[in-house]
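Visitor: I would like to learn how to read a model like this, feature by feature. Where do we start?

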Amino acid sequence: MNKMKNIGIDIGGTSIKGAVIENGTVTARAKRSTDISRGLDSIRDCLFAVIKDLLPLAGTDAGIGIGSAGDIDPYEGKVLYATGNLPGFTGFEIKKDVENKFNRRVFVVNDAAAAFIGEAYFGAAENCKNAVMLTLGTGLGSAASINGKLLTGANFHATRIGHIPLHIGGRECNCGKVGCAEQYVSATGLMRTANELDCRCFNCNGVFKKAADGDKKCREAIEIFISDLCAVVDTVKCVFDPKCIVIGGGLIEIRQYWLNDFLAALPDSDARLIRPAVLGNDAGAIGAAYLLENSEIL
């Protein structure tokens, strides 16, 4: 296990977060909000600014591990594909640009994979060699390991659980298909369900709070969300046979509203697999920093 300080970076659609990581522990943080109207220039500028903030705190030998949204080739450190959430990002050679700018060791991986590695080695899935992580945020991110090896696939598209069809002929997805799981099992999906039921809420917190106060439509929206999540968990169990399934992302931060109902809706054998993520927003940075020194687990 690496004991030196490294920098971990998490590139998202609205901000770039970074941290100095020492043996899985965050010792310093930095963050910049991105202006996606400026496209790739804003993302690159914010990435460089976060790294500059952290380098003096990390030391001269520190490398830079980066977890990024999009389909990432971890061997080339290049973005193969990114949605409109990161305009101009497709084709961005992150590893090459950062190495040229800072003359440091750099490793780049998908952000869901980075968060999973953080939880697998320092969090909820510690000591689980066969595990899956579902990240319930704007979309449904996912990653998995079999016998301690992170699954990547021939085209780095493995474990795209959010794009497994859940409802045939269902909602359009930004991937071009219809009925994908992330259009239902995510914060965005929950809000779409709530709006279709005329819940009149501005965000997921509002849906959960109104349901807790007895609003029947909001309660129905949550019940649909839980039912769909149960179906996803069943698929994950059948495909991967994991020892544990980590649930992370923004929705796990408000678990008090729905997690117990979700566990109660699962068969006991499935409920025992579920572990809430424990590293929060630090998971991606911690995992990216770990992979910088341990890329053999890919």
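Guide: Start with the names of the elements. Helices (H or I, at least four residues) and strands (E, at least two) are DSSP runs, numbered from the N terminus. With those labels, asparagine 127 can be placed in the loop between α3 and β8 (131-136). Keep in mind that this is a predicted model.

Visitor: What is the sign of phi at asparagine 127?

Guide: Positive, near 75°, in a residue other than glycine. Asparagine 127 is also exposed, with a relative accessible area of 69%.

Visitor: Where is asparagine 147, and is it buried or exposed?

Guide: Asparagine 147 sits in the loop between β9 (140-146) and β10 (149-150). Its relative accessibility is 60%, so it counts as exposed. Its phi is positive too, near 50°. Aspartate 198 also has a positive phi, near 65°, and it follows α4.

Visitor: Let us turn to cysteines. How many disulfides does a search of the whole structure find?

Guide: Zero. Take cysteine 175, which is in no disulfide: the nearest cysteine sulfur, that of cysteine 180, is 3.7 Å away. A disulfide needs the two sulfur atoms within 2.5 Å. Cysteine 175 is partly exposed, at 30% relative accessibility.

Visitor: Why is there no bond between cysteine 244 and cysteine 128?

Guide: Because the sulfur of cysteine 244 is 3.2 Å from that of cysteine 128, its closest cysteine sulfur, and this is too far for a bond. Cysteine 244 is buried, with a relative accessible area of 0%.

Visitor: How do I read aromatic pairs?

Guide: Use two values: the distance of the ring centres and the angle of the planes. A search of the whole structure finds eight aromatic pairs. One of them joins tyrosine 121 and tyrosine 290 and is stacked, at 4.4 Å centre to centre with 25° between the planes.

Visitor: Which parts does the pair of tyrosine 121 and tyrosine 290 tie together?

Guide: Tyrosine 121 lies in helix α3 (residues 111-122) and tyrosine 290 in helix α9 (residues 283-293), so the pair ties together parts that are 169 residues apart in sequence. Tyrosine 121 is partly exposed, at 24% relative accessibility. Tyrosine 290 counts as buried, at 11%. Tyr121, Phe122 and Tyr290 form one aromatic cluster.

Visitor: What contacts does aspartate 282 make, leaving aside its neighbours within four places in sequence?

Guide: Aspartate 282 is in contact with Val26 and Arg29. With arginine 29, there is a polar contact between the two side chains, at 2.5 Å. Aspartate 282 itself is in the loop between β12 (274-276) and α9.

Visitor: And strands?

Guide: In a regular strand, side chains alternate between the two faces of the sheet. Here, look at strand β7 (residues 106-110), where four of the five residues are buried. Strand β7 pairs with strand β4 (residues 64-68) in the parallel sense, over five bridges. Opposite valine 108 in β7 stands isoleucine 66.

Visitor: Which residues are buried in helix α4, and what do they pack against?

Guide: Helix α4 (residues 187-196) has Ala187, Gly189, Leu190, Met191, Thr193 and Ala194 buried. The buried residues of α4 pack against α5 (204-212) and α6 (216-240).

Terms used:
Residues numbered from 1 in each chain as written. Predicted model: local features only at pLDDT ≥ 70, side-chain atom pairs only at ≥ 80, totals over all residues. Heavy atoms only, no water. Buried < 20%, exposed > 50% of the residue type's maximum accessible area, 1.4 Å probe, protein only. Phe/Tyr/Trp six-rings, centres within 6.5 Å; stacked < 30°, edge-to-face > 60°. Pairing = 2+ DSSP bridges. Polar contact = N/O pair within 3.5 Å; in protein donor to acceptor, adjacent residues only side chain to side chain. Contact = heavy atoms within 4.5 Å.
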